[in-house]
Amino acid sequence: MTRTFATSAVAGALLLSFGAASFAATGEFGNMCTEGLVLGKTVPTDCSVNTVIDGKTYCFGNEAAKMLFMKDPKGNLAKAQTYYSSKHPI
């Protein structure tokens with residue numbers, strides 16, 4: 001009985017972790033932290049912290065980065081685009 005319970009618990013934990021991962025979005029800038037780009041840094045994210053602006057999803061490394069970005073989303077988006085374009089030319 002203990003083995004069955006332990007196996008069920010492990011299976012449940014795995015299902016929960018897969019479920020949580022499915023909530024992460026796919027964002028602009030290759031899922032890099034948009035505020036990081038504003039600051040001239042390349043910071044990869046899983047895009048679990050994000051916001052949608054004009055139908056596009058922008059990712060952040062954490063809630064603090066998102067809050068800083070949202071103080072001036074239009075200006076910060078322009079800065080992020082400029083930095084990203086300089087490092088990833090078309």
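Q: Before we start, what counts as a helix or a strand here?
A: They're DSSP runs: helices are H or I with at least four residues, strands are E with at least two, and both are numbered from the N terminus.

Q: OK, so in what order do the elements of the protein chain run?
A: From the N terminus on, they go α-α-β-β-α-α. That's 4 helices and 2 strands.

Q: Anything I should know about the model?
A: It's a predicted model, where local features need pLDDT of at least 70, side-chain atom pairs count only at pLDDT 80 or more, and totals for chains, interfaces and linings use all residues. Residues are numbered from 1 along each chain as its sequence is written, and side-chain values use heavy atoms, with hydrogens and water left out.

Q: How do the axes of α3 and α4 cross?
A: Helix α3 (residues 63–70) and helix α4 (residues 73–87) have axes that come within 7 Å and cross at roughly 110°. That makes α3 roughly perpendicular to α4, a label for angles of 65 to 115 degrees. Axes are lines fitted to C-alpha atoms, for helices over the stretch in contact, with angles from 0 to 180 degrees between N-to-C directions.

Q: Which residues meet there?
A: L68, F69 and M70 in α3 meet P73, N76 and L77 in α4.

Q: Switching topic: where does T57 lie?
A: T57 is in strand β2 (residues 56–60).

Q: Is T57 buried or exposed?
A: T57 counts as buried, because its relative accessibility is 17%; buried means under 20% relative accessible area, exposed over 50%, partly exposed in between (1.4 Å probe, protein chains only).

Q: And what is T57 in contact with?
A: Leaving aside neighbours within four places in sequence, T57 is in contact (heavy atoms within 4.5 Å) with A25, T26, G27, E28, C47, N50, T51 and V52.

Terms used:
Angles under 35 degrees count as roughly parallel, over 145 as roughly antiparallel, 65 to 115 as roughly perpendicular and the rest as oblique.
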